[in-house]
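This report covers the cores, a small sheet, a cavity and the disulfides. Please look over the structure before reading on.

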Amino acid sequence: MKPFLFLVFITLACTSTYSQDWSGDVQWIYYQESFMPDGIPKFRKFSKAGDTTVQNRNCIVLDEFYVKIQNNQLINNLVETHILCNENKVMDYYNPEDSTFYTLYDFNLSVGDTSKSYCPISNIYTYTLIDSLKEEVVNGQAVQVQFHSMIYQPGWQCELSSRVIENIGSSKYLFPRFGAVDPPQGGYLMCYSASNNFIYPEGNQGCEITVSEKHIEFEAGSIYPNPVTHVLNLDLLSFDYCTLFDSSGRQVLSSTEKTINMENLRTGLYYLKIVDKNKSGVVKLVKADR
């Protein structure tokens, strides 16, 4: 893949139950996880570049960008261009190298079925088991959500987050993430937009790129206890997600919850990066003996 664009809050479109219209503008924005917390916002953005027809199928051309804000400048790098088709509750990826369509997500599957999701980086399928299904009503439209668990495969494989949203894809990256890369592509889904003002998650007011860096200032005692032995509490009004790194910069976990169980982590120094829209902040933590 190649580098790409920065953060935006988007508006989605859905035209009928279980069918969103990709005929207009379509866009995905994910946070990009970092190897070391550095306070620089990074994102993965997928933006529709146009429509195309492949083997008599209506598809879209999708540009992937890596975006970051540094020194008050927006840095956009094109990573790669993809071709996706979305019809009959199935999202397919077209690989021009072998002129073949590969299944990304199939929303016709039921609980207990094995799902296969194509990983463009490794050019192999990732296999998961569908544990449960849920229907969400977003912007007045019904959206199916699948919950997956990984099925072990030998060798390097791509990993699929447990939550997969109809017509949107994985909640951490549009495609399964390549586990051999640290950090893997993407992070939590910020927003998705399509035509007819469909927004996911519902409540986003649009996707705006903010050039200036903004940092979160935390009130004393809002993240406690520190040192921590068991559970860390985040007494914050709201935030999008947080990521915990050890002293070597290795990501330990990511969470959207206001409590983090650190009981089973090794003692030592950690860094907690908290992201809220276009702002982020890093807190130094000490994990003490139990």
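## A three-stranded sheet

Two strands count as paired if DSSP finds at least two bridges between them. The model is predicted. By that criterion, strands 17, 18 and 21 form an open sheet, in the order 17-18-21, with antiparallel pairing. Strand 17 (223–224) and strand 21 (259–261) are the edges, each pairing on one side only.

Strand 17 runs antiparallel to strand 18 (residues 231–234), and 2 bridges join them. Within this pairing, Ile223 stands opposite Leu234. In general, the strands of a sheet pair through backbone hydrogen bonds.

## Nonpolar cores

The largest nonpolar core holds 31 residues. Trp28, Leu84, Leu174 and Tyr192 touch the most other members. Many strands feed this core. Strand 1 (27–31), strand 3 (57–70), strand 5 (90–95) and strand 6 (100–106) are among those that each supply at least two residues. Strand 8 (124–138), strand 9 (141–150), strand 11 (163–165) and strand 14 (189–193) do so too. Strand 6 gives the most, with 3 residues.

Another core lies apart from this one and has 16 residues. Its members include Ile216, Leu234, Met262 and Leu272. Leu234 is also the residue of strand 18 that stands opposite Ile223.

## One cavity

How many cavities of 30 Å³ or more does the structure hold? There is 1. The largest cavity has a volume of about 50 Å³.

Its lining includes Tyr31, Gln32, Ile40, Pro41 and Lys42. Phe43, Tyr241, Lys273, Val275 and Lys279 also line the cavity. Strand 2 (42–54) and strand 22 (268–276) each supply at least two lining residues. By class, the lining divides into 6 nonpolar, 1 polar and 3 charged residues.

## Disulfides

A search of the whole structure finds 2 disulfides. One joins Cys59 to Cys85, S to S 1.8 Å. The torsion about its S-S bond is about 70°, so this disulfide is right-handed. Cys59 sits in strand 3 and Cys85 in strand 4 (residues 73–87), so far as sequence goes 26 residues apart. Both Cys59 and Cys85 are buried.

The other links Cys119 and Cys158, with sulfur atoms 1.9 Å apart. This link is left-handed, with -55° about the S-S bond. Cys119 lies in strand 7 (residues 114–119) and Cys158 in strand 10 (residues 158–159), so the pair ties together parts 39 residues apart in sequence. Cys119 is buried, with a relative accessible area of 0%. Cys158 is buried as well, also at 0%.

Conventions. Residues numbered from 1 in each chain as written. Predicted model: local features only at pLDDT ≥ 70, side-chain atom pairs only at ≥ 80, totals over all residues. Heavy atoms only, no water. Core = buried A, V, L, I, M, F, W, Y, C linked by side-chain atoms within 4.5 Å. Buried < 20%, exposed > 50% of the residue type's maximum accessible area, 1.4 Å probe, protein only. Helix = DSSP H or I, 4+ residues; strand = E, 2+ residues; numbered from the N terminus. 1 Å grid on protein atoms, 1.4 Å probe; cavity = no way out; pocket = protein on both sides within 12 Å on 5 of 7 lines; lining within 4 Å. Points joined across faces, edges and corners; volume = space filled by probe spheres on them. Nonpolar A, V, L, I, M, F, W, Y, C, P; charged D, E, K, R; others polar. Disulfide = S-S within 2.5 Å.
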